Amino acid sequence: MIKKANEAYNAGDYTTAFKLYSDLAKEGNADAQTSLAYMHQMEQGCQKNESRTLELYTQAAQAKQPYALFNLAILYENGIGGVEHNQFKAYELHMEAATRGVPPAMYEVALMLERGLGCVQNYSEAAFWYEEAAKRGHSEAFNNLGALYKEGHGVVQDDAKCFICFQRAADAGLAQGLYNLGLLYDQGVGCEMDNDKALDLCRKAAYKGHEKAKEIIKGLQEDGKIVF
């Protein structure tokens, strides 16, 4: 029945999906509890219900359902959905989800380790989890891993690897990745200097809303150096 529920949800038939997930959730199906919690959270096929969302995520997390762990961690990380802000609890839950193969949880764990949020700051561990998330195509993880390689934080400083990481983030359309790659081309770090390529990447980052890139483009326009 979980397959039918998932098919209904993916087809946008939230009424059917909600009914099927509800029946399965009552039977203790952790996957259904997680999906039903998300529907309550996002007002899909039902009204928004924070207490029910929290109850269902908690039940599924106790069964170690990976995305229930991740979504519950997000609630604690931001102090929303009826829970108090608790970075330590968020880190614990993100780590549980990360070890069960959830890419965004791997990224969150890395970010918290890099910044020392809810845990002891550890650049090498942060690099490990950024790499794990990046292997699974997480664009922000590629960007942040590139920054670690650029500065030599937790890894051996490596311009070539920095370039590859920023390139992958840029290829995914990430504004920060486009901007960072542009800086490498502008400075000739990990690549041959190419000011035209740098400017093009800066334009793309600005178009995607990157504030620093927008400031640079605006300044060049005001100086009459480029026509956007």
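Start by selecting helices H4 and H5: their axes come within 8 Å of each other and cross at roughly 130°. That angle makes H4 oblique to H5. The model on your screen is a predicted one, so keep that in mind as you go. While you have the pair in view, look at the way they pass: H4 crosses H5 in a left-handed manner.

Now show the side chains where the two helices touch. On the H4 side, pick Leu54, Tyr57, Thr58, Ala60 and Ala61; they meet Ala68, Leu69, Asn71, Leu72 and Leu75 of H5. Try colouring this contact by class: you should find eight nonpolar residues, two polar ones and no charged ones.

**The loop after H4**

Next, select Lys64, which sits in the loop between H4 and helix H5 (66–78). What is the phi of Lys64? Lys64 has a positive phi of about 65°, although it is not a glycine. That is worth a pause, because most residues other than glycine have a negative phi. Is Lys64 buried or exposed? The answer lies in between: with 35% relative accessibility, Lys64 counts as partly exposed.

**Back to the loop before H4**

Step back along the chain to Glu43. This residue is in the loop between H3 and helix H4 (50–62). Glu43 is another residue to check for its backbone angle: its phi is positive, at about 55°, and it is not a glycine.

**A histidine in H3**

Now select His40, which you will find in helix H3 (residues 30–42). Is His40 buried or exposed? His40 is buried, with a relative accessible area of 8%. To see what surrounds it, set aside the neighbours within four places in sequence and show its other contacts: Phe18, Cys46, Gln47, Lys48, Asn49, Arg52, Thr53 and Leu56.

Before leaving His40, try your distance tool. Pick the C-alpha atoms of His40 and Val83, which are 43 residues apart along the chain. The separation between these two C-alpha atoms is 16 Å.

**Helices H8 and H9**

Move on to helix H8 (residues 123–135) and helix H9 (residues 139–151). Two packed helices are described by the angle between their axes and the distance between the axes. Here, the axes come within 8 Å and cross at roughly 145°. The crossing of H8 past H9 is left-handed.

Show the side chains again. From H8, choose Tyr123, Ala126, Ala127, Tyr130, Glu131, Ala133 and Ala134; their partners in H9 are Ala141, Phe142, Asn144, Leu145 and Leu148. How do the residues of the contact of H8 with H9 divide? There are 10 nonpolar, one polar and one charged.

**Helices H11 and H12**

For the last pair, select helix H11 (residues 175–187) and helix H12 (residues 195–207). These two pack at an angle of about 165°, and their axes are 8 Å apart. That makes H11 roughly antiparallel to H12. The crossing of H11 and H12 is left-handed.

The H11 side of the contact is made by Ala175, Leu178, Tyr179, Leu181, Gly182, Tyr185 and Asp186. Facing them from H12 are Asn195, Lys197, Ala198, Leu201, Lys204 and Ala205. Colour this contact by class too, and you will find eight nonpolar, two polar and three charged residues.

**Zoom out**

Finally, show the whole protein chain. How many helices and strands does the chain have? The count is 13 helices and zero strands. Following the chain from its N terminus, you meet α elements one after another: α-α-α-α-α-α-α-α-α-α-α-α-α.

If you draw a box along the principal axes, the C-alpha atoms fill roughly 65 × 40 × 30 Å. Colour the chain by accessibility next: of its 228 residues, 44% are buried. The chain exposes about 11,900 Å², with carbon and sulfur atoms supplying 48% of that area. One more thing to explore is how the chain touches itself: among contacts between residues at least 6 apart in sequence, 38% join residues at least 24 apart.

Terms used: Residues numbered from 1 in each chain as written. Predicted model: local features only at pLDDT ≥ 70, side-chain atom pairs only at ≥ 80, totals over all residues. Heavy atoms only, no water. Axes fitted to C-alpha atoms, helices over the stretch in contact; angles between N-to-C directions. Helix = DSSP H or I, 4+ residues; strand = E, 2+ residues; numbered from the N terminus. Parallel < 35°, antiparallel > 145°, perpendicular 65-115°, else oblique. Left-handed = near helix turned anticlockwise from the far one by under 90°. Contact = heavy atoms within 4.5 Å. Nonpolar A, V, L, I, M, F, W, Y, C, P; charged D, E, K, R; others polar. Buried < 20%, exposed > 50% of the residue type's maximum accessible area, 1.4 Å probe, protein only. Areas by Shrake-Rupley, 256 points an atom, 1.4 Å probe, with all protein chains shown as cover.
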